[in-house]
Amino acid sequence: MPGILVYALHDDEGNFNKNSLGAISEAAKLAGEIGGACSALVVGDVADDAAAGLGNYGAAKVYRAKGVPEGLAQPIIDAMAKVITDNGISYALFGGGLLGFEIGAGLTARLGAGVTMEVTAVKVQDGKLVAERPILQDSEIADVGYVSEPGIIIGRLNAFDAKESGGSAAVEDVEVELSAWSTKATMVQRGEQRGADVNIEDADILVGGGRGLGAAEGFKLAEELAESMGGAVAATRAVVDAGWYPYATQIGKTGKTVAPKLYLAAGISGAIQHKVGMQNSENILAINKDPNAPIFEFSDLGVVGDLHKIVPKLTEAIKAKKGG
Amino acid sequence: MKICVLVKEVPDAAVQKRIDPSTMRLDRSGEKNLNPFDTHALEAAMQIKEGGAIPVEEVVAVTMGPESAVRALHKAVALGADRSVQLTDDALAGSDVCATGYALAKVLESESPDLVLLGQQSDDGECYTIGAVVADHLQMPSLTQVIKIDVTDGKLRCERQAEYGYDTVEIELPAVISVGDAINEPRYPSLKAIMGAKKKPLDNKAAGDVGIEAGQVGEAGSKTKVISLNPPPAKEAGEIIEDEDTNETVEKIVAWLDERKLI
């Protein structure tokens with residue numbers, strides 16, 4: 001049976017990741033076109049109804065590996081490899097996210113399988129899957145096919161939308177023997193939140209700050225500008241990792257996904273990892289001193305200049321306009 | 001312990017990259033440089049060596065690539081590696097991720113490292129995956145996008161951001177760790193180190209020297225095939241303002257915001 005297997009990631013409370021749910025919906029659609037079924041793999045202590053509930057997104061079957069811990073890639077590679085091999089599954093599909101990349105890559109080695117990553121769309125040609133992968137900073141799209149099965153497809157974050165179809169999946173428990181090296185990494189703490197808890201996902205206006213702000217103190221400019229417009233402040237991974245701004249405000253591949261009415265990017269270069277978290281914003285305004293910054297390729301208004309000169313004056317002008 | 005750092009020669013950031021339509025491979029002519037992400041892995045190796053929590057006998061830079069890639073190794077040695085290994089073979093050209101990971105694992109196997117470090121991505125391929133592929137071949141535990149490494153009791157304590165926040169993971173050696181660019185600020189090589197780089201030992205290996213099976217690498221060993229290249233869907237180009245007179249620029253921005261009822 002030419003099936004497609006999706007790994008469904010969940011947090012410590014048992015909530016499934018929305019990119020995993022999107023991958024299930026996409027796999028269900030594609031499986032229909034190649035005449036197979038979509039199945040999902042869950043690991044850890046997932047309740048019967050939660051596992052069966054993945055049927056609502058298109059999974060016909062859910063394999064549950066209770067003895068495999070969630071959160072680190074290698075034990076899950078063992079589980080995926082077993083389910084793929086035992087059931088003759090043709091493709092593995094991952095929603096975006098760090099673990100999907102690690103598991104997909106490990107499966108490549110384990111199964112001698114081809115892999116395509118950062119995939120934005122998948123289509124069917126002659127009964128086989130072909131992955132669309134943007135390359136060279138998204139300037140071209142490569143259509144990538146697989147020479148043999150299984151094939152591994154790792155989606156870009158938010159590439160696939162979750163669609164509820166109202167079904168319920170059959171749940172099958174699987175016993176997985178872990179590889180010796182899979183037990184040599186241990187999670188000490190998972191999902192630690194660092195810094196203040198801020199909600200940026202509901203804001204209509206977001207001012208995003210990047211390395212171009214120069215230092216942690218530079219965020220004051222972003223905060224004042226956001227305040228003048230009644231918005232909130234977000235940040236890139238680089239500045240969060242540097243400790244300039246709290247993790248809760250991070251947008252992108254390992255952070256949050258936002259789609260405000262206005263995203264004003266201040267000193268953000270627009271690397272793919274950030275772009276995937278904010279590219280669906282209604283209006284994107286970028287201020288950056290580097291005219292070649294990738295952000296200008298997907299902004300609606302790009303301002304090439306020194307944000308330290310422009311932002312304070314912009315804040316004053318907006319305040320004046322609102323006051324007047 | 002022995003640390004191997006995987007490095008790669010990539011087109012310089014200033015070079016306009018293109019795909020050669022006849023081979024569907026990246027056109028690698030033009031100015032090249034050491035992949036900037038790899039300098040963070042080298043720096044991490046040097047910090048472990050200098051940190052003293054565990055004795056490090058040597059740091060070895062390892063690359064796979066054409067003869068010209070020796071320049072990336074010279075830079076790696078200038079940044080602190082004690083010696084380097086270059087895997088060069090015509091049979092390797094056109095290897096995809098699956099085949100490249102296998103070949104790198106084979107050359108690493110010949111070095112028996114206690115720790116393999118690499119950068120989170122290459123500037124040209126942007127695959128983010130090689131570390132995890134290599135780790136499975138070497139049967140070693142692995143973690144990617146690591147932003148902090150501490151060595152305690154002969155184990156690594158690593159931190160990284162994953163889907164739900166920061167994870168702290170303890171890993172036994174030997175291990176494969178890919179580091180994020182936030183892990184450190186790489187040092188600049190001294191003039192003396194740059195001058196001396198060509199004198200440090202360099203091993204050249206062909207595929208057969210490290211037991212690579214020819215059928216598993218190159219185009220023949222690759223499991224993916226680029227069928228075609230297409231331009232991305234056209235997006236209406238945004239307006240660009242060059243800031244010459246800041247008051248004027250601000251006026252234009254406010255007008256743009258106002259038009260869209262954003263203020």
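The following paragraphs lead through a predicted model of chains A and B, from chain B as a whole to the elements that join the two chains.

Chain B holds seven helices and 15 strands. Its C-alpha atoms occupy a box of roughly 65 × 45 × 40 Å along the principal axes. Of the 263 residues in chain B, 48% are buried. Among the contacts of chain B with a separation of 6 or more, 72% link residues that lie 24 or more positions apart.

The next topic is the side of chain B that faces its partner. Here 63 residues of chain B are in contact with 77 residues of chain A. Several elements of chain B each supply at least two residues to this side, among them helix 3 (97-109), helix 4 (130-138), strand 9 (142-152), strand 10 (155-162) and strand 11 (165-172). Strand 14, strand 15 (239-242) and helix 7 of chain B also belong to this group. The largest share, eight residues, is contributed by strand 11 of chain B. By residue class, the side of chain B that touches chain A comprises 30 nonpolar, 18 polar and 15 charged residues.

Strand 14 of chain B takes part in a sheet that includes strands of chain A. Four strands make up this open sheet, in the order 6(A)-7(A)-8(A)-14(B), with antiparallel pairing. Strand 6 (121-125) of chain A and strand 14 (224-230) of chain B are the edge strands, each having a single partner strand, so one side of each has no neighbour in the sheet. From one strand to the next, the twist averages 30 degrees. Helix 1 (residues 18-34) of chain A packs on the sheet, where it touches strand 6 and strand 7 (128-135) of chain A. The direction of helix 1 makes about 5 degrees with that of strand 6 of chain A.

Within this sheet, the link between the chains is the pairing of strand 8 (residues 140-146) of chain A with strand 14 of chain B, which is antiparallel and extends over six bridges. A:Tyr146 has B:Thr224 as its bridge partner in strand 14 of chain B, and A:Asp143 is matched in that strand with B:Ser228. At the other edge, strand 6 of chain A is joined to strand 7 of chain A by five bridges, and these strands run antiparallel. One bridge of this pair sets A:Gln125 opposite A:Lys128 of strand 7 of chain A. The hairpin formed by strand 6 and strand 7 of chain A has two residues between the strands, and A:Asp126 adopts a positive phi near 55 degrees there.

A pair of helices also brings the two chains into contact. The axes of helix 8 (residues 307-323) of chain A and helix 7 (residues 246-259) of chain B approach within 9 Å and cross at roughly 50 degrees. Because of this angle, helix 8 of chain A is oblique to helix 7 of chain B. The crossing of helix 8 of chain A past helix 7 of chain B is right-handed. On helix 8 of chain A the contact residues include A:Lys309, A:Ile310, A:Lys313 and A:Leu314, whereas those on helix 7 of chain B include B:Val250, B:Ile253 and B:Val254. The residues of this contact divide into seven nonpolar, three polar and three charged.

Another helix pair lies within chain A. Helix 3 (residues 73-87) and helix 4 (residues 98-111) of chain A have axes that come within 9 Å and cross at roughly 55 degrees. Helix 3 of chain A is therefore oblique to helix 4 of chain A. Helix 3 of chain A passes helix 4 of chain A with right-handed crossing geometry. Among the residues that make the contact are A:Ile76, A:Ile77 and A:Met80 of helix 3 of chain A, along with A:Ile103, A:Gly106 and A:Leu107 of helix 4 of chain A. The contact of helix 3 with helix 4 of chain A involves 10 nonpolar, two polar and two charged residues.

A last stop in chain A is A:Ile272, which is found in helix 7 (residues 272-278) of that chain. With 18 other C-beta atoms within 10 Å, A:Ile272 is partly exposed, because the buried class requires 20 or more. The C-alpha atom of A:Ile272 is separated by 8.4 Å from that of A:Lys253, which is 19 residues away along the chain.

How values were computed:
Residues are numbered from 1 along each chain as its sequence is written. Chains are lettered from A and ligands numbered from 1 in the order in which they are written. This is a predicted model: local features need pLDDT of at least 70, side-chain atom pairs count only at pLDDT 80 or more; totals for chains, interfaces and linings use all residues. Axes are lines fitted to C-alpha atoms, for helices over the stretch in contact, and angles run from 0 to 180 degrees between N-to-C directions. Angles under 35 degrees count as roughly parallel, over 145 as roughly antiparallel, 65 to 115 as roughly perpendicular and the rest as oblique. A crossing is left-handed if the near helix is turned anticlockwise from the far one by less than a right angle, and right-handed if clockwise. Two residues are in contact if their C-beta atoms, placed from the backbone, lie within 7 Å. Ala, Val, Leu, Ile, Met, Phe, Trp, Tyr, Cys and Pro count as nonpolar, Asp, Glu, Lys and Arg as charged, and the others, Gly among them, as polar. Two strands pair if DSSP finds at least two bridges between them. A residue is buried if 20 or more other C-beta atoms lie within 10 Å of its own, exposed if 12 or fewer, and partly exposed in between; C-beta atoms are placed from the backbone.
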